Amino acid sequence: MMVKQIKIDFNVTQEIKRFVYVYLIETAKGCVLIDSGVAGSELLIEKAILENGRHPAEIKAVFLTHAHPDHIGTANYFREKYGAKIYASGGERAWIEDIDLQFKERPIPNFYHLAGQSTMVDQVVKDGDKIYLSDSIYLEVIGTPGHSVDEVSYRMGDKVFIGDVVPVKGDIPIFVHLDDTKYSLDVLEKMSDIKVFYPAWDQEYSLKMMQQKIADAKEIVNELERVVYDLDCGMELPILVEQVCECLHMPVWKKNPLFARTVECCRRISDSKEQ
């Protein structure tokens with residue numbers, strides 16, 4: 001069994017350059033992908049598979065961690081061309097099967113260019129499910145919501161694929177639920193028997209590296225929660241976002257509409273403060 005990391009570069013806008021990782025898992029009975037990158041990256045993924053001595057027709061399944069455009073972009077391509085089954089959680093399914101709905105509820109620049117086409121989810125997964133890739137190799141589903149409503153990670157033995165669960169220092173923190181984000185970081189922190197963590201936005205992490213990344217992530221989340229609480233006096237959200245960005249010395253974050261949702265998640269005005 002082998003894991004290959006495939007890096008996919010893309011632009012959200014002309015000024016905002018990003019990248020995401022797709023993971024190829026090879027077994028004796030075929031291959032699967034963890035996430036599928038952005039639309040238009042199918043040839044790059046196919047090339048990586050061929051360079052690894054396998055054929056794209058061997059892709060039996062695509063396991064989606066969540067529904068965001070940079071993770072679902074080629075899922076329908078591999079489903080339609082090679083018959084790959086699409087796996088995703090119930091809470092992410094609607095946005096995967098109807099990208100128009102996703103754009104309506106979460107509009108971002110260049111959305112359709114990144115998201116590609118809607119695709120059917122062949123099997124809904126939930127926390128604790130086990131999906132066998134061969135007689136002895138299986139993926140276990142780990143519920144890790146927060147970055148998105150129902151994001152999941154996939155554990156395979158002493159390895160785990162964690163999508164975008166962990167906020168990273170220096171990058172914009174994007175999540176839709178504060179308590180879920182804290183919960184998921186705790187879940188990963190307790191996985192002390194994992195040797196390799198595979199994120200969507202960074203290099204693979206050893207257990208020691210992951211422990212530090214989680215500590216950093218908790219610091220990011222706690223600081224953001226504190227800053228929002230200190231500044232928030234019931235003002236309009238755009239004003240609060242601007243003040244938060246100024247306080248954190250990250251004015252560039254004001255340009256990203258997704259950060260406003262993050263700030264909104266951190267709003268917890270107590271009765272005493274309102275008085």
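The following exchange explains how several terms apply to this predicted model.

User: On what basis are residues numbered and side-chain values computed?
Analyst: Residues are numbered from 1 along each chain as its sequence is written, and side-chain values use heavy atoms, with hydrogens and water left out. Because the model is predicted, local features need pLDDT of at least 70 and side-chain atom pairs count only at pLDDT 80 or more, while totals for chains, interfaces and linings use all residues.

User: Why is the pair of phenylalanine 63 and tyrosine 154 called edge-to-face?
Analyst: Rings of Phe, Tyr and Trp (its six-membered ring) pair if their centres lie within 6.5 Å; planes under 30 degrees apart count as stacked, over 60 as edge-to-face and the rest as tilted. The ring centres of phenylalanine 63 and tyrosine 154 are 5.4 Å apart and their planes stand at 70 degrees, so the pair is edge-to-face. The structure holds 17 aromatic pairs.

User: What makes tyrosine 77 and phenylalanine 78 a pair, and of which kind?
Analyst: Their ring centres lie 5.3 Å apart and their planes are at 90 degrees, so this pair is edge-to-face.

User: How do you know whether tyrosine 77 and phenylalanine 78 are buried or exposed?
Analyst: Buried means under 20% relative accessible area, exposed over 50%, and partly exposed in between (1.4 Å probe, protein chains only). Tyrosine 77 has a relative accessible area of 22%, so tyrosine 77 is partly exposed. Phenylalanine 78, at 0% relative accessibility, counts as buried.

User: What makes lysine 7 a charge that sits over a ring?
Analyst: A charge sits over a ring if NZ of Lys or CZ of Arg is within 6 Å of the ring centre and within 35 degrees of the ring normal. The charged end of lysine 7 sits over the ring of phenylalanine 19, 4.5 Å from its centre. Likewise, the charged end of arginine 18 sits over the ring of tryptophan 201, 4.4 Å from its centre. Phe19 and Trp201 belong to one aromatic cluster, which also includes Phe10 and Tyr21.

User: How are the residues that line the largest cavity divided by class?
Analyst: The lining divides into seven nonpolar, one polar and two charged residues. Ala, Val, Leu, Ile, Met, Phe, Trp, Tyr, Cys and Pro count as nonpolar, Asp, Glu, Lys and Arg as charged, and the others, Gly among them, as polar. Among the lining residues are Ile162, Gly163 and Asp164, so Ile162 counts as nonpolar, Gly163 as polar and Asp164 as charged.

Definitions and conventions
On a 1 Å grid over the protein atoms alone, a cavity is a set of points where a 1.4 Å probe fits but cannot get out, and a pocket is an open set with protein on both sides within 12 Å along at least five of seven lines; lining residues have an atom within 4 Å of a point.
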